[in-house]
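I opened a new notebook page for this chain. My plan is to look up contacts, domains and backbone oddities in turn.

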Amino acid sequence: MKLLVIGSGGREHALAWRLSQSMRVAHVYVAPGNGGTALMQKASNILISDPAALAEFAISNHIAFTVVGPEAPLAQGIVDVFRAKGLKIFGPTQAAAQLESSKDFAKAFMVRHNIPTAKYQTFTDPLSAHVYIDSEGAPIVIKADGLAAGKGVVVAMTAAEAHQAVDAMLGDGSMGTAGARVVIEQCLLGEEASFIVMCDGKHILPMATSQDHKRLKDADQGPNTGGMGAYSPAPVVSDIIHARVMREVIEPTIQGMQADGIPFTGFLYAGLMIGDGDDATRSIKVLEFNCRMGDPETQPIMMRVQSDMVDVFEHAVNGTLDQAKIDWDPRTALGVVMASANYPSTPRLGDVITGIPAARSDCVVFHAGTILKDGVLSTSGGRVLCVTALDDSVRATQQRAYEAVHAIKFDGAQFRSDIGWRALGPR
């Protein structure tokens, strides 16, 4: 069969890589893909972005099913376009994707359906927002309502930072329509975890647990980014916490979307803040929903998959996800993001990349912001690569990943040296 993966990041490279392992797959098309997907066997890039044109491509090339990676095409309604033409596609409709495309929609949904989250208010008027910040104090979290490529969240440690963030979003219009409304919410304390499931509208299949590293620098310092690395499994998500998240967050969300007349299909990602204390009683609150797999969480998660993911996706697009099962490698997978100079503000592009080691069963370098032109690989985005390894312990996996990181060269490369640190420290 022939498959289509939509997107250009590390997440899409990892999905295409895993799907291409299937004996049932002849070819995976990636739209638009990157330098890594261009180098894959059994895969090729197609430079089409318009949803209607992609649907026509799927029809003319007899695509068995399509998997959508990033949030932007989902918010544009690509799933609705494909389904209108009778095509099988995994992802939420435009209406369901509001769980991610509008922070205000998501917060109101959670309050309506009693899903635990931080207290909040939404503002379009800067003056009212400033008054609210002064009444609440810091630390406080300022979020652009719309899609901002993972950079629309400011965790303000002082009131001055919070006021500055509001001015940047509501005042100067630098974030465009994404920042036309802001959600201001209570700052939650604890340990973050990424909880990702597959949904077919009714049935839920959990993915392996993972933890992302949002800050640019070691020890969670520096600005927020789209993610500087991740590892799986996440020790903070014990069996008790896993059962509670399913019961308190995931199931009410899927049932709530059905009750609201917008059944959710696709990947549902709950970014969680897990408080301190005993697993049976510690607080679990939703920081945000995404309507896709996380990036870079996808890379270590896909490294751990031991099943044929084609079978799983077929069940997902056919509404029979209750019959699907994923076997997970018990080992730890860990991915280190290598970012370009000046990321996350205005990344420098065009730096030549050398030294990428050949893929092995225990180490794969997934590409994100790369382009292959005339046989030369160079940087084309903020997050460039995710060097992903697999080994028996977090420490061993970390060492294996960083050996590969240090072999790769491009000018201005930035990376954290402590991915997985929470799993190594005292718990």
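**Entry 1: salt bridges**

I counted salt bridges over the chain, and the rule returns 25. The model I am reading is predicted. I picked out Asp311 and Arg24, whose closest N and O atoms are 2.6 Å apart. I then looked up where the two partners sit. Asp311 belongs to helix H12, residues 309-318. Arg24 is in the loop between helix H1 (10-20) and E2. The two are 287 residues apart, and I noted the pair as a link between distant parts of the chain.

**Entry 2: domains**

I pulled the domain assignment next. It splits the protein chain into domain 1 (2-93), domain 2 (125-180), domain 3 (191-323) and domain 4 (332-424). I turned to domain 3 and domain 4. Their centres, taken over C-alpha atoms, are 23 Å apart.

How many residues of each are in contact? I found 27 in domain 3 and 29 in domain 4. Lost accessible area is often quoted as the size of an interface. Here I read about 2100 Å² buried between domain 3 and domain 4. Carbon and sulfur atoms give 62% of that area.

**Entry 3: polar links across the interface**

I asked which polar links cross between domain 3 and domain 4. There are 13 residue pairs in polar contact, with both residues at pLDDT 80 or more. The rule also finds two salt bridges across this interface. I looked up the side chains of Asp220 and Arg416, which meet in a salt bridge at 3.0 Å, N to O.

I then listed what domain 3 brings to its side. Strand E13 (215-217), strand E14 (221-224), strand E15 (229-232) and helix H11 (298-304) each supply at least two residues there. By class, I logged eleven nonpolar, nine polar and seven charged residues on the side of domain 3 that touches domain 4.

**Entry 4: backbone oddities**

Most non-glycine residues have a negative phi, and most peptide bonds are trans. I searched for exceptions. Asp220 is not a glycine, yet I read a positive phi of about 55° for it. I placed Asp220 in the loop between E13 and E14. Asp220 is also the residue I had noted in the salt bridge with Arg416.

I checked omega too. The bond from Ala31 to Pro32 is cis, with omega near 0°. Pro32 is in strand E2. Ser232 and Pro233 are likewise joined by a cis peptide bond, with omega about 0°. I located Pro233 in the loop between E15 and helix H10 (239-259).

**Entry 5: aromatic pairs**

I ended on the rings. The rule counts eight aromatic pairs. I examined Tyr29 and Phe57, an edge-to-face pair. Their centres are 5.0 Å apart, with 85° between the planes.

Why did I log this pair as a tie between separate parts of the chain? Tyr29 lies in strand E2 (residues 27-32) and Phe57 in helix H3 (residues 51-60), so the pair joins parts that are 28 residues apart in sequence.

Methods: Residues are numbered from 1 along each chain as its sequence is written. This is a predicted model: local features need pLDDT of at least 70, side-chain atom pairs count only at pLDDT 80 or more; totals for chains, interfaces and linings use all residues. Side-chain values use heavy atoms; hydrogens and water are left out. Domain bounds come from an automatic or database domain assignment. Contact means heavy atoms within 4.5 Å. Buried area is the accessible area (1.4 Å probe) that two parts lose on being put together, summed over both. A salt bridge is a side-chain nitrogen of Lys or Arg within 4 Å of a carboxyl oxygen of Asp or Glu. A polar contact is a pair of N or O atoms within 3.5 Å; within protein, one must be able to donate a hydrogen and the other to accept it, and residues adjacent in sequence count only if both atoms are side-chain atoms. Helices (H or I, at least four residues) and strands (E, at least two) are DSSP runs, numbered from the N terminus. Ala, Val, Leu, Ile, Met, Phe, Trp, Tyr, Cys and Pro count as nonpolar, Asp, Glu, Lys and Arg as charged, and the others, Gly among them, as polar. Rings of Phe, Tyr and Trp (its six-membered ring) pair if their centres lie within 6.5 Å; planes under 30 degrees apart count as stacked, over 60 as edge-to-face and the rest as tilted.
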